[in-house]
Structures are given as structure tokens and as C-alpha cells.
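Dear colleague,

I am passing on the structure below, and I would be glad if you could look through it with the notes that follow.

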Amino acid sequence: MITTINSGLKSKLAKRFARPNCLAVLALLFTNIAWAQDEPASSDESITIALIGDSTVEDYSGWGVAFRKRFNDCVTVLNFAKGGASSKNWYSGNRMPAVLEAKPDYVLIQFGHNDQPGKGPERETDPDTTYRDSLKRYVVESRSIGAQPILVSSVTRRLFNKGGKIRTTLTPWADATKAVAAELDVPFIDLHRRSIELHNRLGPEASMEFNFKEGDLTHFNEKGATVMADLVIQELKTQVPGLARFLTTPSLPGQSDSSESTANRPLMAYVGTFSSPLGDVPPTQVDLPEGNGRGIHLFEVDRESGVLKAAGTFDLGSSPDCLVINAARDRLYSSNETDRFGEAKQGSVSAFAIDPVDGQLTLLNTVASEGDGPTYVSIHPSGRHLFVANYFSGSVAVLPILPDGRLGEATDVKKDTGTIGPTEATHAPPGSFAISGHDGSHAHMIEADPSGRFVLHVNLGLDKIFVWEFDASTGTLTPNDPTSVDLPAGDGPRHFDFHPNGRWLYSIQEEGSTVTLFDYAPSGGQPNSRQTVSSLPAGFAGSNFCSEILVSHDGRFLYAGNRLHDSIGIFAIESDGSLRQVGNEWTRGNYPRSFNFDPSGRFFYVCNQRADNVTVFRIDRDSGLLEFTNHYAPVGNPSSITFVDLAARDDSVQLLRRVSVPEAHQAVAVDESSFFAISNRTIVQYDKQTGKRLVKWVAPEGSWIKHLNSGIVKEGRLYCANSNWPAKPLKNSIEIFDAVSLKHLDSKPFSESEGAINWIDRHQGAWWIVFAFYGEAEVRRTKLVRYDDQWNETGEWTFPESVIQRFLPKSNSGGGFGPDGHLYVTGHDHAELYLLDVPDNGGELKHVSTLPAPIAGQGIAWDFDTPGRLLGIVRASREVVFMRVIRAK
């Protein structure tokens, strides 16, 4: 039951809504256990939130009533706000005992309006003394009952100056609220700042639509209350991320959550720069002047023309040269290429929140990169770790991404060792003096492979690509076998990119001006070089430094950056992954350090570092060639560019929970109370809520059960797909167990001897089974077969080439029909789900979309007890993963 009361209702209602087990829930929310974050609250959980404040908070004329509507039935909101109250006289009104008697889990505290001069001695406070004392008293007394206090700065009045911007007199009280929060280590919601920013965007006319009545520039009608509550919710999700799981709808400040309002949001571009004039930062690269940028430059992107329109800067004097954005599109991270951070005088990495309405940035925190001159950052497919390459110190580090998007201290740091390469590159063009980078060990890029099992990084000075096994549970790197692959002496590997199929890896060499194709083995993380081509046009002579390398979204073309030659080499990718140069385009600038595609894949943006501009090209989808749009965007020393489409409503997968399970090797199954970890010849049942091990079954010695691959629970029975793959002759069966005792009940053998049974599902009154084939020559024979209740075949489908390419060199490992009726399948290694449509009359399955997911292939299972929840595994870390699949509307 969701309830709100005003201050006049005291003991009876407060006792009625007290929750004896809320403190246990609260303790759970504040742990770092990943499975607590954003998982829907179960029906037996409940929490209470109390609101303390003035008329801008109370239900009648404030945001309180809209705030409570944002929570589900597990939440009780008690509104103790009082019109006309200040921080002084609200307390003297004997209201605090009623709050304490209600025993809330959270207390939100917002004052300021009536603390100002002119309100009378019984209400006025001084922001530097008596106001702070009042807030501290509320914090201390809230904590005395085990509640979590949360301080909120006062919402602004809608008073505008002649320039159409908010003028406020509340700043001293807002600043004091922030100071008290910092002093007492209390979560802080800066509603004053957020409401000012909102009204400055909307302008005077639109802001008047929030007025409680004509001429009332302080209080809110229903629309205004909803918008202000959304601002509070958005900040609350950052400050207390565990509360997100109790929300009914996503919070989108400043607008409703309708598809129409979302569709009007901009496509944003963020440009990282060298910006040393803003701070004590030395030159960041050989023979370059100090940076001319101002930090991170923001642009709105015209979707039709590709034109960049300046939308502000986030001033940062530490050269945020590389930017990366998370899969949820709400956090941005920058590597700050400096050696001046902290007492250790090293580099740093910053985390930012992205405003979902206008794309503006809010700094969350900055931490040490554990090395000098960090030049590259990337995010692990799980979204839980950030990797950073420190150029000047030749080291790489792993930083945990905390639930609210902030960065933690490094969980691992590796420093490269080896022999420095020669100053003359093996493959340098005739007459080249390109010798930069071989004066020491220089880690230039780090990134996980598509599966997330392995992490690769390049060291330009050592002419090597290092490969690490990655433990996602601990955030640590272990040397792979072999530990690295050598590039030709002096060529200087700089960046790399994977083909969408995950089996081809391309690296670009800075001094050699070459691109190398590697065949990549996802199962073992081994790159093996197969082809090397020049990044430059035929006949070139002189010096050149290569920079960026990218494969197009469709995997048909590759683009290689040439500095000094100031061009983009364009290559067609042949059916076997080999490269054929088809063009070379002048960048219309000087020293193209990096480039990127917009989200649509139609435009190509080049950061011309020494020309102080970003140039825009249109991509010919058929030929891969670039056509200059005649558009330049001025940016001082641009280094990288990345994009966020705030209007996008893509399908997505949200991580809910991770549970360490030793048997998480092949698949997982689930019913209303348990999940089942499946590992070849072993099944173990676990309690779904607590993760407690319940029952274990092991196949008897000599049993025909060799390779259990998946499982589903139907009507109290667990059905598991079983095969003896790769033995010959191939034998398949469905093994049936009691879902409570795990007693083996029956076996259904199949005469089908071509293809291994990898998964089974029940959908629309029929059985569905996949027979998987493995290897380059056979995988396309993999098929989905439908059976009736008598096991008569009633339909057959094959997989589309776009998904086959993701399966290779393995095959389809897991699958199941979701609550939306679509088929979701996995491969063997990739951290992805493939969403498919099933045509009525057989034929080829239709590939709808690919969803990044925090698993690594293998068997999956839908939890129909909680719609939208899907379970999978990470074999390498032995984890069962709970996820939510969110379909765009």
C-alpha cells in the first residue's frame, strides 16, 4: 500500500505503517552486493520514507504527492511537510517526535524558503549558523532510530531576470545544506541547482505552466509537482542507488516519460581535448604545444546534416583526451592525460553523470589512474569495470565501477616489461623519420574482447599486444598463455578493433603505418597474424604517424587514420576478413588523432588535433567512401569524440544480481522459488532469494548422461537437454527430473543423430529444441525444431548469417522464448543476446537485434515468476546472473 499523510496524523498511522523488517532491507540496499541493485522488490519487502519540509514539499502545493506516486506498493511515503515552516519553527512545532515514532528508513529534509529574512524571528535563520544547526539536529535525530537522512536543497522560485534566466536569493541556504551534507557524510540532492537549470532551459513562458495558481511563482500545480519530483528521483537514484528497485517508472527530469517527449531529446556529441592551459599540466606529447581545449566540449548533433552545434563545455584542465560512455548511456568516463593528480603525482580518471534530458555533465568523482599520462579508457562488457592505459608509465589498471557510476580505487595494476623496440620501424615508408614512442614502455590502448573473458592491451614502445585472462568477480588480470603477440620491430602498435564477428582483430601501427589482421580465437584469447597492409596510398614516401582504427558497424569496411599525411585510409573487408584498400580521404585538417561514427553509422567525425577542429563526413554505405559535408566544428586540440542519443529507446539488458555458484558451467534453469545450476553431469538447486544451496544431483558412474546443456521447469518437472557431443556416434536425449527432489524421473532419447541438443523450451503448446553444429563448415546447419506433445516434428528453422557470424567458431548454446513472444538465443562466448522472430511456416529466423548482456554465452532461462527477468551464467567466474530485458516501446 502506498500512503501519504500530513503532519496532523501522528501516532496511530505512524505505528500502522512502521515496518519491523525495514532496517534489514535498508542494510541490504547499502551493501555493495551487485544483486541488490535495481532488482524489483519482492512482495514481502517494504520501506518507509518520511518527508520533512515546507509548502514546496507538502502534498497540497509541493512535490510530495508526485514523489510518492513514483514508488511501487512496497513503499510508504509519510509527508510531514508543513506550509509556512522553516527549519527552525518546523522543529519547534513538535513534529519530529511523530517522525521518529513512525520509524522511517529514509528521511528527506528540505528547507530554505521560510528561513530567509522577512519571515519573522520565529522562522528566520542564518545560513552560516542557526540554519546549519537545525539541519544537523534533523540528521542526528534521524540517525538515532536507524534511518538514513538525505538533505535536499530548496527548489528555486520561478523569478527571471531581463535576460530570461533565474534570479535566486536561496543560494546561501542551498550552499549551507550542501556543506552540512558533506560534513556529516549525508546523501545530498541539489534540487536548487537542478531546478534552476531546468527553468533556464524552459524559459519564463514554459515555466509559468508549473504555477499553483496565477502569479504564484513558488508552489506547483500537478504538472510542476511531477517535474520537481522527477528531479528529486533522478538525484536520489544517484545518491541512494538501491532505491531504484522500488520505482514504478524510469525518472526523466523535466519532462514526462512519454515516447513523444523522449523522441524530442537531442543526439549529443562529447569531444575530449588536450586542455593544459586550464591547469598545471605539461605538454602531453612529443613536440606538441600545450593543449588549447577547455576540457570536454559538448555538441548537439543535427540528425539529418550531421552538423555539430556547440552546447557548452565541462571545463577540465587535465586533458581529458579519451572518453567512453556506458551501455546505459547515463555515465561518461574520461582519461585525464596528466601526471599531477594526488600526492603521488600521477594521472587520473573522471566519472560523470549524463543528464537524460539535455546531456549536460555532472562530475561524480575523480580517482587515480595508477600511472602517468592515461591515454585510453574502456568499459568491460559487464559494465562493472573500467580499464585504463597509462602511456608514460607503461602500465594498465582496472578500476571498479560502483553501483552509482562512480569509480573505486584500482583492483589491479600491471606494468609492462620487455625490450624497447628500435627507433626505425620495420615497415616505415621510404624516407620516414617517424620514430616517436620508442623511447620507453608506452601502454596505448586497453579493451576487453567481445566475450569479456580476455583483455588485450598494446604497448607501442615494446611492439607487443598483451593478452590477459580477466576475472570479473575480483577485477584482476592474469597473464594468458601465450602472454603477448609481437608486432614487427619498431612498427609501434597503437590501437586495435574487433570485427563484429569477434574472430578477426585489426591493429594499427603508429610508426610502421600499417594495419595487421589477426585471426582471433575467442576460446583461448590468442591472436594470430595473417595479413599486413599499408595504411597509406601506393607510392607514398616520407613521415607519417598512424592513429585510430575502426571497423564499420556492419563489418564491411575498415578506416585507418594517418597523421602528417592527414588522411583516412578506407578498406573493404573481404569475406575471409582480409583487407583491400578502396580509397583515401583528406581529413580537411591537421593531425587526425581519432575519429568515430555517429550512432546511425551515416556520419564520420574526425578530430584534427593540430587544426583545432572536428570535420564531418557522410559515409557511402555501398562503397564505404567518405564525402566531406563542408562542416567544421571549432574545438581546441580535439582528441576523441563519442555520442549519446538521448532519444534512443533501444532494447537493453539491465544487470540485477550476481550469485557465485561453483556449478555454473553449462546453463541455469529457474522456477518460482529456486534456480538450478547445470554442469555437464551435475545439477544443484539453490534458493532463488537467498542463494542457499538446497539439493544436489550427480549422474551415476557409467550413465548415458554426459553433457547437460540447458534446462526448463514446467509443472514441477525439470527438463534438461543432454548430448554426448563430441563423441561419435552422437546421442541426444531429454532428461526429466522432479524439480523439488531432483530425482531422475525419465529420459526421452532422440533418433536425430546430426547436431547436438543444446537447449529445450516449451512455448505455445509445443516443444522447441535446437540441434547445434560446430565449426566453420558445419555451423550453418544448426536448426531450431518444433515438436507436438507426441514428439512429432511440426516445423524447422535455420539461423540467419548475421547470427551465425556471432556464433562462430562455436554454435548456438542457449535459448528460450521470452514473455514478449520473441526468441532469445546465445552463442558460446560472447556477452550478447540475439533477439529473433520465428516465421510461422519455417524457413530462416529473423534477426531483430543484438543486446549486450552481462553473461558469456551458454544456457539461459526466463523467470516467468518475474516478467522480464532472465537468468544466465558466466562460466569463467562461476556466476549465475540475474538480468532484466527491457524492450523499447
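In what sense, and over how many bridges, do strand β6 and β33 pair? Please keep in mind that this is a predicted model. Strand β6, which covers residues 267-273, and β33 pair in the antiparallel sense, and seven bridges join them. Within this pairing, the residue that stands opposite M268 is V644 in β33. Both strands belong to an open sheet of four strands, whose order is β8-β7-β6-β33 and whose pairing is antiparallel. At the edges of the sheet stand β8 (308-315) and β33 (638-645), each of which has a single partner strand, so that one side of each is left without a neighbour in the sheet. From one strand to the next, the twist averages 25°.

β33 also takes part in the aromatic contacts. The structure holds 34 aromatic pairs, and one of them is formed by Y605 and F643, whose rings lie 5.0 Å apart from centre to centre with 55° between the planes, an arrangement that counts as tilted. This pair links distant parts of the chain, since Y605 is in strand β30 (residues 603-608) and F643 is in strand β33, 38 residues apart. Both partners are buried: Y605 has a relative accessibility of 0%, and F643 has a relative accessible area of 11%.

A second strand pairing that I looked at is a hairpin. β21 and strand β22 (residues 504-509) pair in the antiparallel sense over five bridges, and in this pairing F496 has S507 of β22 as its bridge partner. Five residues lie between the two strands of the hairpin, and in the turn G502 has a positive phi of about 75°. As for the surroundings of strand β21 (residues 493-498), six of its six residues are buried, and it is therefore largely enclosed by the rest of the structure.

Turning to the nonpolar interior, the largest nonpolar core has 44 residues, and those with the most contacts inside it are Y333, L386, L407, V455 and L456. Strand β19 (residues 464-471) gives the most to this core, with five residues. Apart from this core lies another, of 34 residues, and among its members are I49, F71, L108 and L247. If you would like to follow one residue of the largest core in detail, L386 may serve, for when residues up to four places away in sequence are not counted, L386 touches a set of residues including V324, Y333, V349, V377, I379 and L407. Also among the residues that L386 touches are S378, A397, V398, L399 and I401.

A buried polar contact may also deserve your attention. R194 lies in helix α8, which spans residues 191-207, and at 7% relative accessibility R194 counts as buried. The side chain of R194 makes a polar contact with the side chain of D355, at 3.2 Å.

Finally, there are several backbone details in loops that you may wish to inspect. Which residue other than glycine has a positive phi near 65°? That residue is W791, which lies in the loop between β45 (783-787) and β46 (793-798) and is partly exposed, with a relative accessible area of 21%. W791 also belongs to a cluster in which ring pairs link Y719, F750, W767, F771, Y787 and W791. L564 likewise has a positive phi, of about 80°, although L564 is not a glycine. L564 is found in the loop between β26 (557-563) and β27 (567-573), and with a relative accessible area of 37% L564 is partly exposed.

Two cis peptide bonds complete these notes. The peptide bond from K728 to P729 is cis, with omega near -5°, and P729 lies in the loop between β40 (717-723) and β41 (732-738). A cis peptide bond also joins L808 and P809, where omega is about 0°, and P809 lies in the loop between α11 (801-807) and β47 (814-817).

With best regards

Notes. Residues are numbered from 1 along each chain as its sequence is written. This is a predicted model: local features need pLDDT of at least 70, side-chain atom pairs count only at pLDDT 80 or more; totals for chains, interfaces and linings use all residues. Side-chain values use heavy atoms; hydrogens and water are left out. Buried means under 20% relative accessible area, exposed over 50%, partly exposed in between (1.4 Å probe, protein chains only). Two strands pair if DSSP finds at least two bridges between them. A polar contact is a pair of N or O atoms within 3.5 Å; within protein, one must be able to donate a hydrogen and the other to accept it, and residues adjacent in sequence count only if both atoms are side-chain atoms. Axes are lines fitted to C-alpha atoms, for helices over the stretch in contact, and angles run from 0 to 180 degrees between N-to-C directions. A nonpolar core is a set of buried Ala, Val, Leu, Ile, Met, Phe, Trp, Tyr and Cys residues joined through side-chain atoms within 4.5 Å. Contact means heavy atoms within 4.5 Å. Rings of Phe, Tyr and Trp (its six-membered ring) pair if their centres lie within 6.5 Å; planes under 30 degrees apart count as stacked, over 60 as edge-to-face and the rest as tilted.
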